[in-house]
Amino acid sequence: AADVVPLNVRDLLDILSERGKLSAMGLAELLYRVRRFDLLKRILKMDKRAVETHLLRHPQLVSDYRVLMTEIGEDLDKSDVSSLIFLMRDHMGRSKVAKDKSFLDLVIELEKLNLIAPDRLDLLEKCLKNIHRIDLKTKVQKYKQSAQGGETSYISTLQASLPNLSLKDPSYNLRLQNGRSNEQRLNVGQPDTQRESVKTSIQESGTSLPQHIQERYRMQSKPLGICLIIDCIGNDTEFLRDTFTSLGYEVQYFLYLHVESIIQILRQVACMPQHQDYDSFVCVLVSRGGSHSVFGVDQTQPGFPLDQIRRMFMGDACPSLLGKPKLFFIQN
């Protein structure tokens with residue numbers, strides 16, 4: 001539907017349906033791409049893993065290029081987009097993009113000028129580097145490598161980030177061991193696992209920082225950050241507290257909370273002014289629950305969605321943690 005500009009989502013779906021492009025799995029993919037997992041489950045009775053499995057084995061409705069642009073747009077804040085618009089002005093001639101436009105609006109204008117295309121991303125890559133979004137520059141590079149190899153790899157953000165997770169240097173991986181013969185593993189939840197680079201102002205000279213410095217987090221504050229532990233089962237609180245204390249975190253822990261209390265504690269911690277002076281944040285939740293929520297000690301509550309926990313600590317809700325690593329460990 002490249003020659004049609006739909007007025008709304010319903011028009012878009014009608015156009016795709018008329019052209020035979022909208023199957024049940026096509027709709028599932030669209031909901032998956034916009035992360036409406038609630039609609040995916042309620043309307044199509046599917047979870048995101050089923051969609052990911054399908055995408056591994058069948059052609060997708062949305063191109064990898066469009067997915068890449070959407071993901072980059074989601075990871076950029078308003079100041080990033082403003083900086084990109086400023087940097088692109090020399091290349092756009094008389095074309096103008098209002099300051100309040102989104103990254104995707106900028107992409108559309110650049111596509112009209114043939115400055116960005118699936119096989120033409122050097123300009124975008126250069127500008128992302130100039131605003132110190134090395135994480136997104138790396139994402140573009142991985143897309144280009146994948147396109148050259150003719151392969152598409154659908155892995156979760158968690159799977160992509162865990163092998164490189166480090167606090168001090170690439171060889172220092174965070175591991176939790178309970179000191180017993182059988183190791184208990186904490187499952188890391190999805191919230192906010194996409195690595196955010198530490199951003200500074202746009203460089204005024206042509207000199208750039210060494211690559212190995214640009215891609216590391218600043219982890220020098222004392223303490224390194226707040227470690228929030230909420231244990232509604234009571235198995236490993238002392239061990240977790242001692243572990244993160246030894247790693248240099250200020251630990252705050254709570255036992256046997258109802259869902260309402262969990263929400264209250266999370267909101268209070270998200271608003272703590274100390275985050276401004278610290279370099280990271282850790283949240284450990286040990287509770288009964290499902291794949292998408294935690295129950296606390298409640299017997300009848302529907303649970304608190306993990307996605308809402310993630311949103312509490314995103315840049316728009318918690319500006320003092322913007323650009324800093326946030327680690328979430330979920331055991332349920």
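Q: What makes D75 count as partly exposed?
A: This is a predicted model, by the way. D75 has a relative accessibility of 24%. Buried would need a value under 20%, and exposed a value over 50%. D75 sits in between, so "partly exposed" is the label.

Q: How do you know that D75 and K139 meet in a salt bridge?
A: Check the distance from N to O: for the side chains of D75 and K139 it is 3.5 Å. The cut-off is 4 Å, between a side-chain nitrogen of Lys or Arg and a carboxyl oxygen of Asp or Glu. The pair passes, so it counts as a salt bridge.

Q: What makes D75 and K139 a link between distant parts of the chain?
A: D75 is in helix α5, while K139 is in helix α9, and 64 residues separate them in sequence. There's a third partner too: E71 joins D75 and K139 in a network of salt bridges.

Q: Is K139 buried or exposed, and how do you know?
A: Its relative accessible area is 17%. That is under 20%, so K139 is buried.

Q: Why is I72 called buried?
A: I72 has a relative accessible area of 0%, and anything under 20% gets that label. You'll find I72 in helix α5.

Q: What does I72 touch, leaving out residues up to four places away in sequence?
A: The list is F103, L124, L128, L136, K139 and V140. Take L128: it is 56 residues from I72 along the chain, and their C-alpha atoms are 10.0 Å apart. That number is for C-alpha atoms, whereas contact asks for any heavy atoms within 4.5 Å. L128 is also one of the buried residues of α8, as are L123, L124, E125 and C127.

Q: What makes the phi of H132 worth a second look?
A: The phi of H132 is near 65 degrees, a positive value in a residue that isn't glycine. H132 follows α8, in the loop that leads to α9. With a relative accessible area of 7%, H132 is under the 20% limit, so it is buried.

Q: Where else is phi positive in a residue other than glycine?
A: At Y256, where phi is near 50 degrees. Y256 is in the loop between β3 and α13. At 48% relative accessible area, Y256 isn't over 50%, so it stays partly exposed.

Q: Which residues make the nonpolar surface patch of about 300 Å²?
A: Y253, L255 and Y256. A patch residue needs over 30% relative accessible area, and Y253 has 38%.

Q: Why is the pair of F281 and F328 called edge-to-face?
A: The ring centres are 6.1 Å apart, and the limit for a pair is 6.5 Å. The planes meet at 70 degrees, which is over 60, so the pair is edge-to-face. F281 is in strand β4 and F328 in strand β8, so the pair ties together parts 47 residues apart in sequence.

Q: Why are the rings of F313 and F328 an edge-to-face pair?
A: Their centres are 5.8 Å apart, inside the 6.5 Å limit. Their planes are at 65 degrees, over 60, so this pair is edge-to-face. Both F313 and F328 are buried.

Q: Which residues touch the most other members of the largest nonpolar core?
A: I230, L266, F281 and F313, out of 27 residues. Helix α13 gives this core its largest share, seven residues. As for I230, its contacts include F254, L257 and L266, not counting residues up to four places away in sequence.

Q: How do you know that R218 forms a salt bridge with D279?
A: Their closest N and O atoms are 2.7 Å apart, and the cut-off is 4 Å. R218, with a relative accessible area of 45%, is partly exposed. D279 is at 7%, under 20%, so it counts as buried.

Q: What makes the peptide bond from K222 to P223 cis?
A: Look at omega, which is near 0 degrees for this bond. P223 is in the loop between α11 and β2.

Key:
Residues numbered from 1 in each chain as written. Predicted model: local features only at pLDDT ≥ 70, side-chain atom pairs only at ≥ 80, totals over all residues. Heavy atoms only, no water. Core = buried A, V, L, I, M, F, W, Y, C linked by side-chain atoms within 4.5 Å. Buried < 20%, exposed > 50% of the residue type's maximum accessible area, 1.4 Å probe, protein only. Helix = DSSP H or I, 4+ residues; strand = E, 2+ residues; numbered from the N terminus. Patch = residues over 30% accessible without salt bridge, like charges linked within 9 Å, V, L, I, M, F, W, Y side chains within 5 Å. Areas by Shrake-Rupley, 256 points an atom, 1.4 Å probe, with all protein chains shown as cover. Phe/Tyr/Trp six-rings, centres within 6.5 Å; stacked < 30°, edge-to-face > 60°.
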